[in-house]
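Here are my notes for your review, set out as numbered points. Please read them alongside the coordinates.

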Amino acid sequence: MNPFKLFKIKSEERLQASVVLAVIFVFNALFVWRMHELFMQEGFGPYWKVFERELHLSGYDPLTYLGVTDWDVVYNVYRHPLLAFMIWPLWLLNQGLTAILGVNCVQYLVALPVMAASFYSYIFLYRIHREVLSLGRYDATLLSAFYFSLAYIMLSVIVPDHFTISMFLLLLTLYISGKCIQKGREFRWWQSALLFFITAGVTLSNGVKIFLSGLFVNLKDFFRPKYLLFAVVLPAALIWGVATLEYKTYVLPKEKVKQEAKAEKQRQEEMRIAEMTPKERQRYEQREQKHQARLLEQAAKSGTPMKEHGFWKWTDITTSRIHTIYENLFGEAIQFHRQHFLEDTLVFRPVFVKYDWLWSYIVEGFILLLTAIGIWCGRRSRFLWLALSYFGFDMGIHLVLGFGINEIFIMAPHWLFVIPLSIAYAIQEAKGTHHKILQLSVLALTAYLWVYNGWLLLDFLRSPINAVL
């Protein structure tokens, strides 16, 4: 946990680290260039409407841009308890730069942590392959490059959202966990508490994965009263207390104002309807019918929740799980669909989009075959089962409960690393000709996905904004 050792680039990593950083920089530079003339204008507000209208990156939200431009608790406080406070220093810096330069520097400032998180996600994945799984340098590099060729990992390096930060924190935790397992060390309670507080602070559900690391590393020692108290109970209580306090302080007062404003608007609307002529009332009813039809269409995309209150309102029991698995979970997350490219499911994109070619499904199936072979080869590895427990937890949330199932692919940075990690075990076990065949297979997939996904994304980034609205 020594940060100087953790984040220092090692001699054998320097060449590929330079290449990775250059690629990440180019993608971010293109994204900033595409939007900067619009987003740098000071006081062009209301900011939310402009960011929401112009920023089209699948289902990712421009909340970070909004918070760094005009700070507020813009995230759901129970799902992202600390995220608003983590971006507060960026807002302060942006305020100073805006005062000096007269422009909104939000894109440049947000790009910095996104680039850093993307870069170190690659570094820690490479180290897992190299140091934890003991792969050769070529194999470790190949699998790490393969991971970043996957569609929503490639996209994550420019996304101004929390997913890239979460990916970095999860890969960091996996790396530390793997080293502990390898060296027979304990996952200490203060390590777990610190990682949980930060990781859950970004995305609450990912905090559970820190507990899973403690369980798989410490085994029965995880259940010691001291560890449970200081590594699980107290951090969980603290993060929930912060979220509750945040809600009462920042969110509840605004909700009361909105409810009062809504009630007043409804009262005025009823008065206006009462004064309408029969023809005006008929036109009004027709407009309302169209509006209700649009709402029903939107609700159909969101699915039917298990219950209409609390966390249950984010569940979904009607969206097809089978279609989700092959079109979105292992489809869009790995290979972009050309139709409705990067459109938002809650706005334009249908929940399910088919690929133009059969070849795309063949590639998907081949990747899953390699993953299954890798899981079989590594079936006795405690570290692999730890990584798969991360994936299993996410699938419980998304496929069983249906949370975010209609845009499950945007959550790919939380779990997609299980694919290269699983394939690594197949490469680790293979010898001679079989090893060469696996290497060539992964190399071919990596080259294809970098060309296919990279071309679509670069074409998007170099297109004028009004070409995709």
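The points below take up a surface patch and then several salt bridges.

1. Please keep in mind throughout that this is a predicted model, and that every value quoted here was computed from it.

2. On the surface there is a nonpolar patch made up of Met-86, Trp-189, Trp-190, Leu-194, Ile-198, Leu-229, Phe-230, Val-233 and Leu-234, whose accessible area together comes to about 750 Å². Two elements, α11 (189-202) and α13 (225-274), each give two or more residues to this patch. One of its members, Phe-230, has its place in helix α13, and with a relative accessible area of 33% Phe-230 counts as partly exposed. Because membership of a patch requires over 30% relative accessible area, the 33% of Phe-230 satisfies that cut-off.

3. Turning to charged pairs, a search of the whole structure returns eleven salt bridges, and the points that follow discuss some of them. As background, side chains that carry opposite charge can pair when their charged atoms come close.

4. Helix α13 also holds a salt bridge, in which the side chains of Glu-264 and Arg-267 meet at 2.6 Å, N to O. The two residues are three apart in helix α13, so about one helical turn separates Glu-264 from Arg-267. Glu-264 is partly exposed at 32% relative accessible area, and Arg-267, with 41% relative accessibility, is likewise classed as partly exposed.

5. Which parts of the chain does the pair Arg-349 and Glu-332 tie together? Arg-349 lies in the loop between α15 (321-332) and α16 (358-377), whereas Glu-332 belongs to helix α15, so the contact ties together parts that are 17 residues apart in sequence. The side chains of Arg-349 and Glu-332 meet in a salt bridge at 3.9 Å, N to O, which can be set against the 4 Å limit that defines such a bridge. Both Arg-349 and Glu-332 are buried.

6. A further salt bridge joins the side chains of Arg-338 and Asp-356 at 3.5 Å, N to O. Arg-338 and Asp-356 are each found in the loop between α15 and α16, and the pair links distant parts of the chain, 18 residues apart. Arg-338 is partly exposed, with 40% relative accessible area, and Asp-356 is partly exposed as well, with 39%.

7. Finally, salt bridges also occur as a network, in which Lys-10, Glu-131 and Lys-179 are linked.

Terms used
Residues numbered from 1 in each chain as written. Predicted model: local features only at pLDDT ≥ 70, side-chain atom pairs only at ≥ 80, totals over all residues. Heavy atoms only, no water. Patch = residues over 30% accessible without salt bridge, like charges linked within 9 Å, V, L, I, M, F, W, Y side chains within 5 Å. Areas by Shrake-Rupley, 256 points an atom, 1.4 Å probe, with all protein chains shown as cover. Helix = DSSP H or I, 4+ residues; strand = E, 2+ residues; numbered from the N terminus. Buried < 20%, exposed > 50% of the residue type's maximum accessible area, 1.4 Å probe, protein only.
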